[in-house]
Amino acid sequence: MLSNIFSLSFLVSLLAGTIRLATPILIPALGQIYTQRAGILNLSVEGTMLMGAISGFTVACATGSLWLGLLTGIVVGMLFSLIMAWLSITVRANQVIAGIGLNILGAGFAAYLYRVIFGIRSLPAQIDSFQQINIPVLSDLPIIGQIFIQHNILVYLAFLLVPLTWFVIEKTTFGLKIKAVGEHPKAADSKGISVYRIRYSAVLIGGAYAGMGGAFMTIAYMNSFTESVIGGRGYISVAVVIFARFLPSRAMWGALLFGLASALQLRLQALGAAIPSQLLLMLPYLATIAALIFASKKAEFPSAYTLPYSRLER
Amino acid sequence: MENMAVKMQGITKAFNGVKANDHVDFYLEKGSIHGLLGENGAGKTTLMNILYGLYQQDEGTIMINGKIEDISSPVKAISLGIGMVHQHFMLARPLTVVENVMLGRKSRRGILLDTKQTAQELAAVSDKYKMGVDPYSKIWQLSVGEQQRVEILTAIYMGAQTLILDEPTAVLTPQETELFFDTLREMREDGKSIILITHKLEEIVEIVDEVTVLRDGKMIGTKKMDPSVTKGELTNMMVGRDVLFNFPEITKQPGEVKLSFRNICVRNDKGLPALKDFSLDIRESEVVGLAGVDGNGQKELCEVLTGLRKADSGEMTLGGEPVINKEPIFFINKKVSYIPEDRHTTGLALDWSLKRNLIFKSIGKAPYSRNGLMQSKCINAYWEKAKDEYQIKAICGDEKARSLSGGNQQKIILAREIDVEPEVLIADQPTRGLDVGAAEYVRNKIIEARNNSAAVLVVSADLEEILQISDRIAVIYDGELMGILPRGADTYEIGELMMGKREEVAVSGK
């Protein structure tokens, strides 16, 4: 057993699995960096991902186009998060309550849609998912090739989003405006920035990323939809953002940590480790929560975090 | 008409049916400094927020440079050459100066930030007016005075010809204020027009060309300032009656040392040292005024004295008994009363009823509670008594604390803290944000407590107040005690200490 764990092939497959399993955390987490930096805590990422998962899967099934499925996931994610934006920004509802409510709505609605569209069947509907890329020579490189160059295209896209997100937040006017409305919305308002518009866009971007993360689960990671396909990844990604102190690079490490714990857990189960599987299943979540506890104390939240803005309030 | 930078006519603005501005007329001549005088809640800030496009007036017209304009947003105001420096700075603290500036203008690089270019231009303007602002420092690293300069610099950089300044000197030391007035004069020379919102008469007399007085949302009048205009006249316009600066006589001389602390060291919320070896004695029947610019450790000191914050080291005795780092309930039982700096977050539960706020410290104690049940009869009786005695203007005791004006909110706290006949009273900024009448009332009550043998520490950024009511004046700077001065000390000397200039004072022999 121990010799199995420390073998090279085990390590290689563990690290490859880490990257693959980190992806569906990383994508929504990057989106939530926009949202949370703008001062909105969107807890409905889980429900948004489920909506992205079912819609992406359905369209991919119907059209046979995975890319169209992905696009649908993104659009539906944005539409779903529009409700969150409306509740938290326009209605000025409590963000925690709104988020929890939307999660329940998203989970129920996704399951309902699946049954309406696909009916009840003994075997789940399946599609041909995104396949791993195959670059001659590179993909065949020992170790490096196996760990890094045998994933599907969306994994690379996700990791490309890390520097892109950093660039947008730190180097563009849009990023500066996002930080401003999260930090001091009144100041932003007095400088002619529409707090509502920036916050809406920040929530919608978060929704797009969450929808993409959800679609990733059904059309790239797996090839079918189940009601538990997201399995708490939405919540974890919200937590990762805080753990990452709202920085894209740190979010990537947070996602990788979760990915590592998940990959390890899967492999230990496969090896038949003498630990109850229920405990093993907890591992990724425990690891993430532990990391959060250590890291979040130092997190400096945007000053207007979870606070709705109204110009008239004095 | 030609020389009017701003002309506002018949401006009316209501919030929830309450008129904050009621047919107010206001004008500003080009190249002049115009004071806007009034008590808190008189509608000064509302009027200026309308001019700056943050609010839209319900009625009335605004003319800028002789043309009627519809100022629908701050962007419009800025494009008309109007800039505003708010009382609470409109700066995002984690961002740099130049980032804050770039928020308000279009980048010349499209969607990318033009940080370098903006920073260079900003530095140039800063040099021109000798402001000494580094475009790359983060806002939280700057002192309050520096932040204010950043705000003014930003407005000028954005092309402001008319500058609205909302209570700009409230946060400055006397020396900083003088420097600030020099800048204002220089800007006037440059042909800029300035509106100075204030409730300080001294400033009006010192620097203003013309003054408009508001009271209860209505315009009382506009006056050209010349030596014939007296402070009394202005006060009368502002308050609507003569304010009597009468204090209860001092009936008792200070007695034994009541509260004493030695070498207190404590950290602030960020874990940085807030107090460094701070020592002070407060005697019975004595008011010690603690002067200092905000954020130099005053809040932390008050929290240590009431058990809300643990000191890292040091000693503290209350009536000879060691009491350092005891729990808040210990201090409450020892009749240590506390008027906190921020009545909205620490002083009151805003969404609680007035009655409940009044007995906040006595919940679960007889006679307000018996066998775990609230005794509403007893509480109601106490409320009625406190309401009369402290002249609290409220509809009923079940009203939420939030709905009261600042002055009446403070009276609730006073009633709660002073009615127990405290042995020690810690008052942190007790009159901040209150109008003249309410402030006088609060100071009176503090003197009364002193005459009832309480040892009183009053923390205030308002030197006038410190000078008015203190038996001794202690000055704090950067967590250190800079010195203790007797009653009637020189303002300038206190100001020097407030800025941390201990040696110079010592050398000059003052």
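Modeller: Before we start, a helix here means a DSSP run of H or I with at least four residues, numbered from the N terminus. And keep in mind that this is a predicted model.

Biologist: Fine. What makes the place of Ala85(A) part of a helix, and which helix is it?

Modeller: The run covering residues 66-90 of chain A is helix H4, and Ala85(A) sits in it. A helix needs at least four residues, and 66-90 meets that, so H4 earns the name.

Biologist: How do you know whether Ala85(A) is buried or exposed?

Modeller: Count the neighbours: 24 other C-beta atoms lie within 10 Å of Ala85(A). The cut-off for buried is 20 or more, so Ala85(A) is buried.

Biologist: And which residues does Ala85(A) touch, leaving out those up to four places away in sequence?

Modeller: Tyr200(A), Val203(A) and Leu204(A). Touching means C-beta atoms within 7 Å, so each of these three passes that test with Ala85(A).

Biologist: What separates the C-alpha atoms of Ala85(A) and Leu21(A)?

Modeller: That pair is 64 residues apart along the chain, with 29 Å between the C-alpha atoms.

Biologist: Now zoom out. What elements does chain A have?

Modeller: Chain A has 13 helices and zero strands.

Biologist: Why call chain A as compact as a globular protein of its length?

Modeller: Its radius of gyration is 20 Å, and the globule rule gives 20 Å for 314 residues, so the label fits. Along the principal axes, the C-alpha trace of chain A spans about 65 × 45 × 40 Å. As for burial, 48% of the 314 residues count as buried.

Biologist: How much of the contact in chain A joins residues at least 24 apart?

Modeller: It's 78%, taken among contacts between residues at least 6 apart in sequence.

Biologist: Next, the contact of chain A with chain B. How many residues does each chain give?

Modeller: Chain A gives 19 residues and chain B gives 20. On the side of chain A, helix H8 (173-183) and helix H9 (185-190) each supply at least two residues. H8(A) gives the most, with seven residues.

Biologist: What makes up the side of chain A that touches chain B, by residue class?

Modeller: Seven nonpolar, five polar and seven charged residues.

Biologist: Last one: which domains does chain B have?

Modeller: The domain assignment gives domain 1 (4-239) and domain 2 (257-347 + 421-508). Their centres, over C-alpha atoms, are 33 Å apart. Domain 1 of chain B puts nine residues into their contact and domain 2 of chain B puts in 13.

How values were computed:
Residues numbered from 1 in each chain as written. Chains lettered and ligands numbered in written order. Predicted model: local features only at pLDDT ≥ 70, side-chain atom pairs only at ≥ 80, totals over all residues. Rg over C-alpha atoms; globule rule 2.2 N^0.38 Å. Buried ≥ 20, exposed ≤ 12 C-beta atoms within 10 Å, placed from the backbone. Contact = placed C-beta atoms within 7 Å. Nonpolar A, V, L, I, M, F, W, Y, C, P; charged D, E, K, R; others polar. Domains from an automatic or database assignment.
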